[in-house]
Amino acid sequence: MPADLYTRYMDAHRAWADHAADCSTCTTTRPGCPDGIPLWERYCRLQDAYLTHLRTRGTQ
């Protein structure tokens with residue numbers, strides 16, 4: 001599961017970064033267009049999940 005979560009997190013980051021680099025309204029830290037919003041939200045959601053996994057793994 002953690003490897004899969006990390007892979008999904010990195011895929012979401014790449015998708016967001018690629019979109020932000022080509023989009024004239026999105027920045028690397030904020031979505032600015034309808035296509036960018038779901039990419040940003042997915043990236044943030046997976047980042048939160050991965051960081052939560054790392055924190056809980058360290059306390060076990």
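**Contacts of cysteine 26 and the nonpolar core**

In the predicted model, cysteine 26 makes contact with Trp16, His19, Ala20, Pro31, Gly32, Cys33 and Gly36, when neighbours within four places in sequence are set aside. One of these partners, histidine 19, belongs to helix α1. The relative accessible area of histidine 19 is 16%, and the residue is therefore classed as buried, the cut-off being under 20%. Beyond residues up to four places away in sequence, histidine 19 touches Cys26, Cys33, Asp35, Gly36 and Leu39. Cys26, Cys33 and Gly36 thus appear among the residues touched by histidine 19, while Cys33 and Gly36 are also listed among the contacts of cysteine 26.

Cysteine 26 also features in the largest nonpolar core, which comprises 13 residues; Tyr9, Trp16, Cys26, Tyr43 and Leu46 have the most contacts inside this core. At least two core residues are supplied by each of α1 (2-22) and α2 (36-58). The largest share, 6 residues, comes from α1. In soluble globular proteins, nonpolar side chains tend to be buried together.

Aromatic residues were examined next. The whole structure contains 6 aromatic pairs. In one of them, the ring centres of tyrosine 9 and tyrosine 50 are 5.5 Å apart and the ring planes meet at 25°, so this pair is stacked. Tyrosine 9 lies in helix α1 and tyrosine 50 in helix α2, and the pair links distant parts of the chain, 41 residues apart. Both tyrosine 9 and tyrosine 50 are buried. These two residues belong to one aromatic cluster, formed by Tyr6, Tyr9, Trp16, Trp40, Tyr43 and Tyr50.

Notes
Residues numbered from 1 in each chain as written. Predicted model: local features only at pLDDT ≥ 70, side-chain atom pairs only at ≥ 80, totals over all residues. Heavy atoms only, no water. Core = buried A, V, L, I, M, F, W, Y, C linked by side-chain atoms within 4.5 Å. Buried < 20%, exposed > 50% of the residue type's maximum accessible area, 1.4 Å probe, protein only. Helix = DSSP H or I, 4+ residues; strand = E, 2+ residues; numbered from the N terminus. Contact = heavy atoms within 4.5 Å. Phe/Tyr/Trp six-rings, centres within 6.5 Å; stacked < 30°, edge-to-face > 60°.
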